[in-house]
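Here's a set of exercises to work through with the model open beside you. Try each task on your own before you read the solution.

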Amino acid sequence: MMDAMQASSPPLSRRDWLRMGISAAAFPWACSSAPKPPNIIVTMADDMGFSDIGCYGGEINTPVLDGLAANGLRFRSFYNYARCCPTRASLVTGLYPHQAGVGHMMTEFRKDGVPVPSYLGNLNKSCVTIAEALKEAGYTTLMSGKWHVTPAEGSGGKVDRSNWPMQRGFDKFFGTIHGAGSFYDPVSLTRGNEPEDPGPDFYYTTAIGENASRFVGEALAESPDAPFFLYMPFTSPHWPLHAPEEAIAKYKGRYDAGWDELRKERLQRMRETGVLDESARMSQRDPSQVPWEEAPDKEWQARRMEVYAAQIELMDEAIGHVVETLREHGELDNTLILFLADNGGCAEEARETWRALHIPTHTYAGDPVAVGNDPSIMPGAEEDYQSYGIPWANVSNTPFRYYKHWVHEGGISSPLIAHWPEGIEPKGEWTDQVGHLIDIMATCVDVAGAPYPETYNGSPITPLEGASLAPTFRGQPAKGHPEGLFWEHEGNRAVRVGDLKLVSKWSRPEEGRWELYDLAKDRSELNDLSGQMPEKVTEMAAMWDAWADRVGVIEWRSWDR
């Protein structure tokens, strides 16, 4: 392991390693005859549905992502963890979130007054991040965007930086420690370890792209022989609905037909482009919502989705800045770019009673902010704080059921685009390989040729849970997870083994029963087979129970209050 001084020093070039006498066995690429491993970029949308971007059936303009997909590989069955913090903890560690200490959000759970290790609300020391693992292999490590795996504020006004990006393996960091906030004046904006003033003409999505692009350019200039890892998680299109007016104007009128028609249009495009096959069925409109023809405040309703679409287009543009920097330096072909989303579309309706660190009372200039979904205020400006709500989240997750929080397909299905011209043989194709967040770390260390440590900084490290997706890049089946993939969030439970998925929704105790679906025939989870296959329910439920015991799941709402 590098000592503290080495970990905080500038990344070493190939020449530095050779001058220090580091063996070629430790860093094969340090030999001039060995090819440099690929640069790696993991970029992620926040609260974006499965069907939102163009190359997954959406009407939103995403030319950069569409271009990466056209020259790369798209996954039909890739899964996240249904919520911001657990997803991020799982992605950056290659573990289930409970194993990393983030079984829920950034809140510590206690039982009998004792902290529950799987619900610390903070990354633990029994995991390593992708940055820590790749830095040990000679990578320059960069981050621009949302962290959200440690509290932004400590007790008594103290700030604990021990789990901030710079302390978890990153050489450079720009972004937010907290999970949400204004796009014009985001809370906990940080550069390195110090607070950053956004200034009066700031838009967070654009700034994430600009800083990421600058970091990449600097890394390639300062250490041209070293590969880099960039983690670029956006807050877009998470509420609030914030976007410049000129970006929103591009979508004026596009959503006037309403949510019912948009869902039909998307499903048809998904069938035509191969996201889903012709047998795919549409789940019913959310039963809490009226048909578009009966909806009040249609202009405001359409405006909500117009702003949301603008937020995604601006994210696509920001990713484009980084892609262009790679192209200018001749590094695009040897860079693995992975794009995904942290959970499904978010059905939360912003309310005027919302109070939290990330809910501003005033703008950067000091003007009051109107919080809550108020149809008398058209969203988009810094002075308001709204969300697109249930009906449009239903569109985002076309054709699936439920949303962020839940572990039905609408909550956990994510696009995954993989682009790497030198390493991905299929071009513009789809794969049915099932993947999960825990596979991202495994994939990164695999393509980087980096070891996954057994210990780090004196602490034993939990063994990696994921399996590399790299064989899929060569048109071969990956190892996958024959033992099953598992979920638990706020009492919502699921296990997928092969094509069968056992899932349970928790909101009231009587709703906690298991449902069983054959996803090969019924991806929208409309035909519950639990009554026809009770033995399979019993078998898979036992698998879930064993997993839950292994990773430290506790019964929802069973902790000290």
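**Exercise 1. Work out what share of the residues in the chain is buried, and see how the overall build fits with that.**

Step 1. In this predicted model, buried residues make up 62% of the 561 residues in the chain.

Step 2. Now the overall build. A compact globule with 561 residues would have a radius of gyration near 24 Å, and the chain has 23 Å, which agrees.

Step 3. Along the principal axes, the C-alpha atoms fill a box of roughly 75 × 60 × 55 Å.

Step 4. Turn to the outside: the chain exposes about 20,900 Å², and carbon and sulfur atoms supply 51% of that.

Step 5. As for secondary structure, you should find 14 helices and 21 strands. Take the contacts between residues at least 6 apart in sequence: 74% of them join residues at least 24 apart.

**Exercise 2. Find which residues touch the most other members of the largest nonpolar core.**

Step 1. Start with the general idea: in soluble globular proteins, nonpolar side chains tend to be buried together.

Step 2. Here the largest nonpolar core has 90 residues, and those touching the most other members are Val42, Leu91, Leu134, Phe229, Tyr231 and Phe473.

Step 3. There's also a second, separate core of 73 residues, with Ile41, Cys55, Leu65 and Leu142 among them.

Step 4. Pick Phe473 and look around it. Leaving aside neighbours within four places in sequence, its contacts include Leu73, Phe75, Leu336, Leu338, Trp420 and Ile424.

**Exercise 3. Decide whether helix H4 is enclosed or open to the outside.**

Step 1. Count the buried residues: 10 of the 10 in H4 are buried, so the helix is largely enclosed by the rest of the structure.

Step 2. Check which ones they are. The list includes Cys84, Cys85, Arg88 and Leu91.

Step 3. Look at what comes before. Ala82 sits in the loop between strand S2 (73-79) and helix H4 (84-93), and its phi is near 75 degrees, a positive value in a residue other than glycine. Ala82 has a relative accessible area of 0%, so it counts as buried.

Step 4. Look at what comes after: just past H4, Gly94 takes a positive phi of about 75 degrees.

Step 5. For another positive phi, try Asp47, where the value is near 65 degrees. Asp47 is in the loop between strand S1 (39-45) and helix H3 (63-70), and it's buried, with a relative accessible area of 2%.

**Exercise 4. Track down the cis peptide bond from Thr398 to Pro399 and see what Met270 has to do with that spot.**

Step 1. The bond from Thr398 to Pro399 is cis, with omega near 0 degrees. Pro399 lies in the loop between helix H10 (389-396) and helix H11 (409-412).

Step 2. Now go to Met270, in helix H8 (residues 259-273). At 0% relative accessibility, Met270 counts as buried.

Step 3. Met270 and Thr398 are 128 residues apart along the chain, with their C-alpha atoms separated by 9.2 Å.

Step 4. Check the contacts: beyond residues up to four places away in sequence, Met270 touches both Thr398 and Pro399, as well as Phe50, Ser51, Tyr56, Gly57, Val275 and Leu276.

Step 5. There's another cis bond to find, from Trp239 to Pro240, with omega near 10 degrees. Pro240 lies in the loop between strand S9 (228-233) and helix H7 (245-249).

**Exercise 5. Say whether Met540 and His362 are buried or partly exposed, and list what each one touches.**

Step 1. Residues under 20% relative accessible area count as buried. Met540, in helix H14 (residues 534-551), has 2%, so it is buried.

Step 2. Setting aside neighbours within four places in sequence, Met540 is in contact with Val495, Val497, Leu500, Lys501, Leu502 and Leu516.

Step 3. His362 lies in the loop between strand S10 (335-341) and strand S11 (370-371). At 43% relative accessibility, His362 counts as partly exposed.

Step 4. With the same neighbours set aside, His362 is in contact with Asp367, Pro368 and Val369.

Step 5. Finish with a long reach: His362 and Ser459 are 97 residues apart in sequence and 44 Å apart in space, C-alpha to C-alpha.

How values were computed: Residues are numbered from 1 along each chain as its sequence is written. This is a predicted model: local features need pLDDT of at least 70, side-chain atom pairs count only at pLDDT 80 or more; totals for chains, interfaces and linings use all residues. Side-chain values use heavy atoms; hydrogens and water are left out. Helices (H or I, at least four residues) and strands (E, at least two) are DSSP runs, numbered from the N terminus. The radius of gyration is taken over C-alpha atoms; the globule rule is 2.2 Å times the number of residues to the power 0.38. Buried means under 20% relative accessible area, exposed over 50%, partly exposed in between (1.4 Å probe, protein chains only). Contact means heavy atoms within 4.5 Å. Accessible areas come from the Shrake-Rupley method with a 1.4 Å probe; for residues, only the protein chains shown count as cover. A nonpolar core is a set of buried Ala, Val, Leu, Ile, Met, Phe, Trp, Tyr and Cys residues joined through side-chain atoms within 4.5 Å.
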